[in-house]
Number of protein chains: 2
Amino acid sequence: MFEINKQLQKDTHYLIKKDGFHLLLHKNASIPWVIIVPETDVIEVFDLPQSQRQDLNDLTKQISTYFQKIFSITKINVAAIGNVVSQLHIHVIGRKKGDACWPDVVWGNECSFVEWQTETIKQIRVDFA
Amino acid sequence: MFEINKQLQKDTHYLIKKDGFHLLLHKNASIPWVIIVPETDVIEVFDLPQSQRQDLNDLTKQISTYFQKIFSITKINVAAIGNVVSQLHIHVIGRKKGDACWPDVVWGNECSFVEWQTETIKQIRVDFA
């Protein structure tokens, strides 16, 4: 029985499960930020099987296109870090000049916090389904 | 004529070119950190052609195995960020508990600085060839 790490649950709103990946939306709405959690025991992203890496890439691209269209973002940050939470999770973060953390990375930074509106989360769920 | 971004050149020691990728070693020896620069105009890592992504994955895995063996690292951070330097470059960073930045990310952090020894750089070049 696969369970998403509690810290990840705490930091995010659950979106949907898609092709074996759980999509989580980071709670800070000031920067569009999806965390992808593959249902796997693999720890390092490069150890995923090729087909799963292909699906992950397709999903990342889909999120990127969506971020461009809806939030006018211009750059995507993609990262698998896992120093604190070892359960494999991949960050897909939409960035643009002048955003709450620009040009710094989001991790370990106090980017100003904005709540997501419930309606927006619902809409994102619909759009990603 | 492909040229590596000047900021990347400044921050790193050049290692080798391998399968269309330039391998750079970050100057701070306190954390083993290779930056991979594919010879491409593509900006986002997920837009690379499938075969190049496969090669990139193989290379990342090879660097990871090397970091485990030589530097006893236990976790790899993989990231494509590019907020400051837009030329596509992929960070492959070997981390372990108690290292100079643990558990924080390396970007934007003042991890204590140690110089690489020239002999070590030469050895890494040989090992990666």
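These notebook entries record what I looked up in the predicted model.

**Conventions.** I worked with a predicted model, in which local features need pLDDT of at least 70, side-chain atom pairs count only at pLDDT 80 or more, and totals for chains, interfaces and linings use all residues. Residues are numbered from 1 along each chain as its sequence is written, while chains are lettered from A and ligands numbered from 1 in the order in which they are written.

**Symmetry.** I began with the relation between the chains. A rotation of 180° with 0.0 Å of shift along its axis places chain A on chain B, with RMSD 0.0 Å (least-squares superposition on the C-alpha atoms of residues with pLDDT of at least 70 in both copies). This is the relation of a two-fold axis. Within chain A, the C-alpha nearest the axis belongs to Ala79(A), at 2.0 Å from it.

**Interface.** I then examined the contact between the chains (two residues are in contact if their C-beta atoms, placed from the backbone, lie within 7 Å). Chain A contributes 26 residues and chain B contributes 26 residues. On the side of chain A that touches chain B, α2 and β4 each supply at least two residues (helices, H or I of at least four residues, and strands, E of at least two, are DSSP runs numbered from the N terminus). The largest share of that side, six residues, comes from β4(A). I sorted the residues of that side into twelve nonpolar, eight polar and six charged (Ala, Val, Leu, Ile, Met, Phe, Trp, Tyr, Cys and Pro count as nonpolar, Asp, Glu, Lys and Arg as charged, and the others, Gly among them, as polar). The copies meet through the same surface, because 100% of the interface residues of chain A are also interface residues in chain B.

**Strands.** Next I followed the pairing (two strands pair if DSSP finds at least two bridges between them). Across the interface, three bridges join β4(A) to β4 (residues 75-80) of chain B in an antiparallel arrangement, and Ala79(A) has Ala79(B) as its bridge partner. Inside chain A, β4(A) and β5(A) pair in the antiparallel sense over five bridges, with Ala79(A) opposite His91(A). Strand β3 (residues 33-38) of chain A is antiparallel to β5(A) and is joined to β5(A) by four bridges; here Ile35(A) stands opposite His91(A). I noted that five of the six residues of β5(A) are buried (20 or more other C-beta atoms within 10 Å of a residue's own, against 12 or fewer for exposed and values in between for partly exposed, with C-beta atoms placed from the backbone).

**Core.** The largest nonpolar core (buried Ala, Val, Leu, Ile, Met, Phe, Trp, Tyr and Cys residues joined through C-beta atoms within 7 Å) has 59 residues, of which Val34(A), Ile36(A), Val34(B) and Ile36(B) touch the most other members. Leaving out residues up to four places away in sequence, I found that Ile36(B) touches residues including Phe21(B), Leu56(B), Ile90(B) and Val92(B).

**Backbone exceptions.** Most residues other than glycine have a negative phi, and most peptide bonds are trans. I found a cis bond between Trp102(A) and Pro103(A), with omega about -5°, and another between Trp102(B) and Pro103(B), with omega about -5°. Pro103(A) lies in the loop between β5 (90-95) and α3 (118-128) of chain A. Ser72(A), not a glycine, has a positive phi of about 55° in the loop between α2 (50-71) and β4 (75-80). Ser72(A) counts as exposed because 10 C-beta neighbours lie inside 10 Å. Asp19(B) has a positive phi of about 50° and is exposed, with 11 other C-beta atoms within 10 Å.
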